[in-house]
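Hi,

Here is the structure I promised to pass on. Have a look at it first, and then read on for what turned up when I went through it.

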Amino acid sequence: QVQLVESGGGLVQAGDSLRVSCAASGRTFSTYAMGWFRQAPGKEREFVAAITGSGGTTRYADSVKGRFTISRDNAKNTVYLQMNSLKPEDTAVYYCAAGRILSIDYSYDYWGQGTQVTVSS
């Protein structure tokens, strides 16, 4: 079992930056690929970014490419999502997820409870 706890969400203005974190329990964190997803009100949950267990490979949604960066610190059992040049359309609940393989779909085994990110115009 892996438990995931997101933090770092908040209210920012358009153009600002924000970093959200996801802390994982367990001693096998480095064996899991990690993903970030988001869900805006009235919309389906969508893929944002993902990273392999070693951190050597990353994937991004086209909508965030060049603005968001996913990274991880396996010594701290934590994955991060650095979000720059935020836009109002980035407003959503952000979820982290853990799985055995890197994926851009919902096929992750464990999910956090989410953290709210609100970008005002």
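Strand β7, residues 68-73, has side chains that alternate between two faces. F68, I70 and R72 point to one face and are buried, while T69, S71 and D73 point to the other and are not buried. Please keep in mind as you read that this is a predicted model.

The partner of β7 is strand β8, residues 78-83, and the two run antiparallel with six bridges between them. If you want a spot to start from on screen, find S71, which stands opposite Y80 in β8. Together β7 and β8 make a hairpin, with four residues between the two strands.

That turn deserves a closer look. N77 lies in the loop between β7 and β8, and its phi is positive, about 55°, although N77 is not a glycine. Most residues other than glycine have a negative phi. Is N77 buried or exposed? The relative accessible area of N77 is 17%, and buried means under 20%, so N77 counts as buried. As for what surrounds N77, leaving aside residues up to four places away in sequence, it touches C22, A23, A24, S25, G26 and F29.

There is a second residue with the same sort of backbone angle. S85 is not a glycine either, yet its phi is positive at about 50°. S85 sits in the loop between β8 and β9. With a relative accessible area of 42%, S85 is partly exposed.

Back in β8, V79 is one of the strand's residues. V79 is buried, with a relative accessible area of 0%. Which residues does V79 touch, not counting those up to four places away in sequence? The list is V20, S21, C22, F29, M34, W36, I51, I70, S71 and R72. I70 and R72 in that list are also on the buried face of β7. C22 and F29 are touched by V79, and N77 touches C22 and F29 as well. One distance you may want: V79 and C96 are 17 residues apart along the chain, and their C-alpha atoms are separated by 8.4 Å.

Compare that with another pair. G26 and K43 are also 17 residues apart in sequence, but here the C-alpha to C-alpha distance is 32 Å. G26 belongs to the loop between β3 (18-24) and β4, and it is partly exposed, with a relative accessible area of 40%. G26 is also among the residues that N77 touches.

Next, strand β9, residues 92-99. Seven of its eight residues are buried, which leaves the strand mostly covered. How many bridges does β9 share with strand β4, residues 33-39? Seven, and the pairing is antiparallel. To find that pairing on screen, look for Q39, whose bridge partner in β9 is V93. V93 also has a bridge partner in β11, namely Q116. Strand β11 covers residues 115-120 and pairs with β9 in the antiparallel sense over three bridges. Strand β10, residues 110-111, is another antiparallel partner of β9, this time over two bridges. There, A98 stands opposite Y110.

Now for the whole chain. It has eleven strands and zero helices, so along the sequence the pattern reads β-β-β-β-β-β-β-β-β-β-β. The radius of gyration is 13 Å, close to the 14 Å that the globule rule gives for 121 residues, so the chain is as compact as a globular protein of that length. Along its principal axes, the C-alpha trace spans about 40 × 25 × 25 Å.

A few totals to finish. Of the 121 residues, 44% count as buried. Among contacts with a separation of 6 or more, 57% come from residues 24 or more positions apart. The accessible surface comes to about 6,200 Å², and 46% of it belongs to carbon and sulfur atoms. Finally, the chain carries 12 positive and 10 negative charges, and the mean positions of the two sets are 6 Å apart.

Cheers

Definitions and conventions:
Residues numbered from 1 in each chain as written. Predicted model: local features only at pLDDT ≥ 70, side-chain atom pairs only at ≥ 80, totals over all residues. Heavy atoms only, no water. Rg over C-alpha atoms; globule rule 2.2 N^0.38 Å. Buried < 20%, exposed > 50% of the residue type's maximum accessible area, 1.4 Å probe, protein only. Contact = heavy atoms within 4.5 Å. Areas by Shrake-Rupley, 256 points an atom, 1.4 Å probe, with all protein chains shown as cover. Lys, Arg positive; Asp, Glu negative; His and termini not counted. Charge placed at Lys NZ, Arg CZ, Asp CG, Glu CD. Pairing = 2+ DSSP bridges.
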